[in-house]
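Dear colleague,

I am handing over the structure below, and after it you will find my notes on what turned up when I went through it. Please read them alongside the coordinates.

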Amino acid sequence: MRTVVVTGASSFVGCHLIRAFAEAGWTVIATHSRPREGYAGIEAERLARVAVTATLRRLDLRDHTEIPRFAAETKPHLWLHHAGYATDYASPRYDTSQGDAVNVGPLAPLYAALTGKNCGVIVTGSSMEYAPSDRANREDEACTPVTPYGRSKLAESRAAESLAKRHNVPTRVARLYIPFGSLDNPGKLIPTVSEALRAGRAVDLSPCEQKRDFLSVDEVCRGYIALAGDMSRTIYDLFNLCSGHALALKSLLLAMAKVAARDPALLRFGAIPMRPGEPLVSFGDNAKAAKLLNWRPRPPEAALAELVGAAA
């Protein structure tokens with residue numbers, strides 16, 4: 001049996017990755033940073049789901065002495081460095097010191113511990129590593145992130161590349177765009193609107209003129225499974241995991257109201273302003289993943305209709 005360590009078990013994408021790898025036949029060891037009783041709400045619910053298919057273990061990635069001990073004990077064939085510091089990720093107030101401690105700091109002891117152990121690494125990156133653009137982001141473009149979070153994630157990707165080549169540890173970076181699905185943070189846009197429509201309650205929104213790249217979390221998981229199978233091709237590579245399309249938020253939310261059979265007037269567009277500095281367009285190019293990973297995600301509209309329909 002192949003063993004995979006997945007950090008960030010209490011996160012939205014993390015809990016789905018754990019399920020997907022378990023269903024694909026991997027033995028999954030899932031980590032969380034705090035005592036189990038310290039989790040509440042949606043994070044506690046995710047951990048409860050994870051515990052059904054994986055072994056839950058506590059691992060504080062900021063403790064660099066624990067990482068080699070944990071790796072030696074678990075002997076993984078794959079390590080998913082998914083845990084990251086994302087509090088206020090869209091804000092200029094993002095705590096870069098915490099970001100560097102969780103996103104970047106654990107990589108050096110991790111790669112040292114995995115040297116010569118026949119173990120690959122997948123690092124979760126972010127679309128925010130790219131600069132705002134009205135064109136699809138490509139993996140070969142220069143990255144000039146404009147947010148503190150984006151700069152922290154770019155530092156993580158660059159550190160992973162350097163360490164992978166130094167230690168000869170096969171590594172892939174997955175730059176995620178906007179995943180959605182069950183067990184998402186209830187405060188995010190799609191869960192908030194879905195819940196409001198289900199309850200027949202009005203919801204205050206910005207003008208929603210932004211265009212974004214949405215991807216079902218199930219398609220994200222298929223992408224990570226494909227990355228796990230790509231480790232022998234080269235030591236390091238990175239991929240956009242995205243739909244490849246810029247969807248207008250307003251159109252998307254109106255489609256949600258239609259699926260839920262609710263009055264679109266419940267969506268109060270323009271009731272609140274856009275966040276300062278928020279780019280109007282952000283989407284990725286997934287041609288590289290299609291070519292090298294044979295990963296072609298289904299359109300997000302279909303998965304979104306299923307999600308809203310289930311909630312309704």
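Helix H7 is followed by Gly200, whose phi is positive, near 70°. Within H7 (residues 189-199), Ile190, Pro191, Val193, Ser194, Ala196 and Leu197 are buried, where buried means under 20% relative accessible area, exposed over 50% and partly exposed in between, with a 1.4 Å probe and protein chains only. Helices (H or I, at least four residues) and strands (E, at least two) are DSSP runs, numbered from the N terminus.

Please bear in mind that this is a predicted model, in which local features need pLDDT of at least 70 and side-chain atom pairs count only at pLDDT 80 or more, whereas totals for chains, interfaces and linings use all residues. Residues are numbered from 1 along each chain as its sequence is written, and side-chain values use heavy atoms, with hydrogens and water left out.

The open sheet of seven strands is ordered E3-E2-E1-E4-E5-E6-E11, with parallel pairing; two strands pair if DSSP finds at least two bridges between them. Strand E3 (55-58) and strand E11 (236-241) stand at the edges with a single partner strand each, so one side of each is left without a neighbour in the sheet. Neighbouring strands of this sheet are turned by 20° against each other on average, direction ignored.

At the E11 edge, strand E6 (residues 171-176) pairs with E11 in the parallel sense over six bridges, with Thr171 opposite Tyr236 and Ala174 opposite Phe239. Although E11 is an edge strand, six of its six residues are buried, so it is largely enclosed by the rest of the structure. Tyr236, Leu238 and Asn240 point one way from E11, while Asp237, Phe239 and Leu241 point the other way.

Tyr236 also has a partner outside the sheet: Lys165, found in helix H6 (residues 148-167), is in contact (heavy atoms within 4.5 Å) with Ile235 and Tyr236, leaving aside its neighbours within four places in sequence. The C-alpha atoms of Lys165 and Ile235 are separated by 6.6 Å, although the two residues are 70 residues apart along the chain. Lys165 is nevertheless exposed, with a relative accessible area of 52%.

As for helix packing, the axes of helix H1 (residues 12-23) and helix H8 (residues 217-228) come within 9 Å and cross at roughly 60°, the axes being lines fitted to C-alpha atoms, for helices over the stretch in contact, and angles running from 0 to 180 degrees between N-to-C directions. H1 and H8 are therefore oblique to each other, given that angles under 35 degrees count as roughly parallel, over 145 as roughly antiparallel, 65 to 115 as roughly perpendicular and the rest as oblique. Among the residues that make the contact are Phe12, Val13 and His16 of H1 and Val217, Asp218 and Tyr224 of H8.

Just before H1, Ser10 has its place in the loop between strand E1 (3-7) and H1. Ser10 is buried, with a relative accessible area of 11%, and touches Tyr39, Glu43, Arg46 and Leu47, not counting residues up to four places away in sequence.

Finally, an open sheet of three strands has the order E12-E9-E14, with mixed pairing, and its edge strands are E12 (247-248) and E14 (281-282). Strand E9 (residues 211-212) and E12 run antiparallel and are joined by two bridges, Arg212 having Leu247 as its bridge partner in E12.

With best regards
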